[in-house]
Amino acid sequence: MSLEVPSSSLARCAVHPEMPAAGTCSRCGGFVCTDCLKVMPGLAGRVFCSACAARPEVNYLEAFRLEFWGRRDRWAWTVGLVSLGLLALGLVSALDQRAPTALRLLFTFLTPVPVGVAFFLGRSWARHALVATPVATPVVMAVLLEPSSREEVALMMVCAVPALIIAVVIHSDVRNQLFFRRPVTPGQLKALWNVRRNNPLARHALSFGLSGVLLPVFAPLAVLCGAVALRRVDPEAHPPIGRGGQALAGLILGIASLLLWGFVLLSFLYRFLSGVVIHK
Ligand SMILES: [Zn+2]
Ligand SMILES: [Zn+2]
């Protein structure tokens with residue numbers, strides 16, 4: 001008996017009718033060719049079509065992206081609060097100064113406020129304006145209102161440089177880009193997911209383990225976190241749970257610190273007690 005089927009009657013890819021099907025999608029049941037066939041990490045043994053592979057219930061990175069899409073991050077709240085603070089500071093300091101100084105103070109403190117408010121509200125132009133503000137504010141102020149002293153110019157520069165560095169950091173922050181609904185690459189998304197969701201207890205175990213070398217109180221925490229995190233590791237899960245190396249390193253460091261500090265304590269006790277005995 002032959003199992004050969006005429007090629008014209010073979011199943012075809014739902015997207016590419018010219019291609020023979022290589023399998024069926026586990027979610028929608030559609031035929032997929034080798035080009036369309038997707039295998040998802042943590043969902044071994046199941047294949048998906050391209051459309052289903054992009055869905056949040058299948059693709060954990062997509063679910064992760066949607067969770068933060070358009071939602072304010074720490075930076076948005078920080079910029080919002082700083083703007084509020086500048087507004088208050090500008091008004092208060094301007095009230096008890098004479099006219100020219102008051103104007104200067106108002107100008108310096110209030111120039112960044114509209115940008116900060118727009119940033120908090122998620123206006124896309126404000127992302128770029130935030131980087132320009134620390135540079136533009138002192139320049140515009142120097143041109144429009146002659147600074148009264150060198151100290152004033154120095155103060156502006158001192159404030160502008162860290163503000164510029166922070167603004168550049170915010171501009172390139174992936175989580176902040178999700179707030180502004182900007183497309184991010186799968187690699188960037190994976191890196192953010194890795195930091196936020198991939199077995200964070202293992203990271204804590206490692207930092208407790210490192211701290212435990214100097215401060216023994218952290219050593220039991222490192223052992224506890226390391227053991228729990230190590231048990232959680234499962235590369236086959238959906239989404240996969242990794243960081244086994246960090247969990248193990250934290251566990252080993254914790255145990256080593258406990259042994260080390262235990263030894264130190266015991267030898268100290270031994271010396272103390274033998275000292276007491278000799279004294280008697
Ligand atoms: Zn499908
Ligand atoms: Zn196809």
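This section describes a zinc site and the packing of helix α9 in a predicted model.

The zinc ion (ligand 1) is bound through the SG atoms of four cysteines, C25, C28, C49 and C52, at 2.3 to 2.4 Å. The angles among the 4 donor atoms run from 101 to 115 degrees, and the geometry of the site is tetrahedral. For reference, the ideal angle for four tetrahedral donors is 109.5 degrees. Along the sequence, the donor residues follow the spacing C-x2-C-x20-C-x2-C. Within this arrangement, C28 and C49 lie 21 residues apart and link distant parts of the chain. C28 belongs to the loop between β1 (23-24) and β2 (31-32), whereas C49 is located in the loop between β2 and α1 (50-53). The relative accessibility of C28 is 47%, so this residue counts as partly exposed. C49, by contrast, has a relative accessible area of 14% and is buried.

In helix α9 (residues 186-196), the buried residues are L189, L192 and W193. These residues lie on the same side of α9, because the arc that they cover around the axis is only 100 degrees. Such a pattern follows from helix geometry: with 3.6 residues a turn, residues three or four places apart point the same way. The packing partners of the buried α9 residues are α2 (60-68) and α8 (174-179).

The axes of α2 and α9 are 10 Å apart, and the two helices pack at an angle of about 80 degrees. They are therefore roughly perpendicular to each other. On the α2 side, the contact involves Y60, L61, F64, R65 and F68; α9 contributes P186, L189, K190, L192, W193 and R196.

Terms used: Residues are numbered from 1 along each chain as its sequence is written. Chains are lettered from A and ligands numbered from 1 in the order in which they are written. This is a predicted model: local features need pLDDT of at least 70, side-chain atom pairs count only at pLDDT 80 or more; totals for chains, interfaces and linings use all residues. Side-chain values use heavy atoms; hydrogens and water are left out. Donors are N, O and S atoms within 2.8 Å of the metal (3.2 Å for Na, K and Ca); water is not among the atoms, so sites may look incomplete. Four donors count as tetrahedral if all angles lie between 85 and 135 degrees; four count as square planar and six as octahedral if opposite donors are over 155 degrees apart and all others between 65 and 115; anything else is irregular. Helices (H or I, at least four residues) and strands (E, at least two) are DSSP runs, numbered from the N terminus. Buried means under 20% relative accessible area, exposed over 50%, partly exposed in between (1.4 Å probe, protein chains only). The arc is that of the directions from the helix axis to the C-beta atoms. Contact means heavy atoms within 4.5 Å. Axes are lines fitted to C-alpha atoms, for helices over the stretch in contact, and angles run from 0 to 180 degrees between N-to-C directions. Angles under 35 degrees count as roughly parallel, over 145 as roughly antiparallel, 65 to 115 as roughly perpendicular and the rest as oblique.
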